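Here is a quick look at how charged side chains pair up in this model, and at what sits around the DNA. Have the structure open as you read.

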Number of protein chains: 2
Amino acid sequence: MSSGRIAAVATRDRILDAAEHLFARRGYYGVSLRAIAEEAGVQLGLLPYHFGSKEGLYAAIFERRMGRINAERRVRLEAMRKRAVGRPPALDEILETLVAPLVHASHDPERGGVDFARMVNDVVNFGDRERVLPLMVAHFDGMAREFMEAMAQALPDRSRDDVLWAYHFSVGALAFAIANRDHLERLAGRTLADGDADGHVARLIAWLVAAIRGTAPAGVSRIRDRVAG
Amino acid sequence: MSSGRIAAVATRDRILDAAEHLFARRGYYGVSLRAIAEEAGVQLGLLPYHFGSKEGLYAAIFERRMGRINAERRVRLEAMRKRAVGRPPALDEILETLVAPLVHASHDPERGGVDFARMVNDVVNFGDRERVLPLMVAHFDGMAREFMEAMAQALPDRSRDDVLWAYHFSVGALAFAIANRDHLERLAGRTLADGDADGHVARLIAWLVAAIRGTAPAGVSRIRDRVAG
DNA sequence: GTCTATAGCTTGATAGAC
DNA sequence: GTCTATCAAGCTATAGAC
């Protein structure tokens, strides 16, 4: 490994950092390659050289971050399944597996922090379908299937549509939560002292469990859920 | 009122319709005035003439729609207060007041439908703060104060931060729900038969009430809430 | 009020020197 | 691998005819 290659990786990462930061604030079309190059302290021509195109750069940001997050989820899912043999997995464990890796990343500048969280939120709320669809397929759809299957097992008395709705809204709440932390502070008009990632995970899971359990269609399951949860 | 003025209003509205439709799909920077003019069947020069600038056009879309929605909310809030003298307002009524006018608008093409809903979602998830902040202040902040006050009364055992968090997440869920209805169908891989607005309002309110009630910090209030709710 | 034409700038991508 | 220079196309906003 030559020192040139090391330098190249460092440059690539500096570009990705700069792009992540700017895309998070103004969206894909709101940021020019020139602005990114300037932020990265690099010349414009380097961006198409390393990433092929603007879309390629955008996609590369997701590839850098989501692999680790989804790997962490898969490890947790596997551990969860091993713990729960013969019985269905617990709803709050499933939700923690869904939520925790991304929330932790959104608190860790080394893993993208709020910037990457905002980009995730942008993709999840995908207004610009044609552009964003490949990213959803590559980084979200596979996990979605796994989580919905687990949730269906944890909620045996719910219809397929109920599970779908629960997963859909859980992802929405997750994306909203990690991307709009500072928005909450604006609403409050002051700084909030709720910084730690684990606290956010706990609050988010409590919210989701309550929402999903509390909207049970049948009276019987509702009582059982309260005892179990 | 001359026929020229009537025609002018019609043209203005056609431009607003076209802009709303395109902004909903690709965001502010992803749409050019040229594309809007073409979609509206109008010449480019007319847009700056009628709206001053691209930002002015974007703001005009919100002015056209949000006035009516917030007026409806104020009427409902007032009626709610008259119904509940001496006792705190019910949480589900407050949430219905927050949610129903916007959900109904998101189902009605005459009031912007999904397109305007997507624009609302974009502002609520405001990545591009400098640009969007004036719109939040003009159309959302006033209502936010009123709703948080009502929610604080309906949830007397909760802290100020709890109420803040509940309101913040309710708005997030509302914006997500109205903007991503079709997203749910992609996830399902089929068309869902859940078209009516009232059904969506009911499902959303049930979700929010369950989430807010179910995350009560104290055990005592939790029991009381279940009896009351 | 609407259209045509254009000014002045920015955009993403590429070619070629080093 | 990085930089400089440049292209063709796109952008918003404006001026002036009708």
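## Salt bridges and the DNA surface

B:Asp182 has a relative accessible area of 30%, so it counts as partly exposed (buried is under 20%, exposed over 50%, partly exposed in between, with a 1.4 Å probe and protein chains only). This is a predicted model, where local features need pLDDT of at least 70, side-chain atom pairs count only at pLDDT 80 or more, and totals for chains, interfaces and linings use all residues. Residues are numbered from 1 along each chain as its sequence is written, chains are lettered from A and ligands numbered from 1 in the order written, and side-chain values use heavy atoms, leaving out hydrogens and water.

B:Asp182 forms a salt bridge (a side-chain nitrogen of Lys or Arg within 4 Å of a carboxyl oxygen of Asp or Glu) with A:Arg129. B:Asp182 sits in helix 10 of chain B and A:Arg129 in helix 7 of chain A, so the pair joins two chains. Here are three of the bridges:

| Pair | Closest N and O atoms |
|---|---|
| B:Asp182 and A:Arg129 | 2.9 Å |
| B:Arg129 and A:Asp182 | 2.9 Å |
| A:Arg64 and A:Asp17 | 3.0 Å |

A:Arg64 and A:Asp17 tie together parts 47 residues apart in sequence, and both belong to a salt-bridge network with A:Asp13, A:Glu20 and A:Arg65.

What about the DNA? 16 residues surround DNA strand C (a heavy atom within 4 Å), with A:Leu33 and B:Thr11 among the closest. Sugar and phosphate make up 67% of the strand's atoms that come within 4 Å of the protein. A polar side-chain atom of B:Thr11 is 2.6 Å from a phosphate oxygen, while one of A:Arg34 is 3.1 Å from a base nitrogen.

Methods. A polar contact is a pair of N or O atoms within 3.5 Å; within protein, one must be able to donate a hydrogen and the other to accept it, and residues adjacent in sequence count only if both atoms are side-chain atoms. Helices (H or I, at least four residues) and strands (E, at least two) are DSSP runs, numbered from the N terminus.
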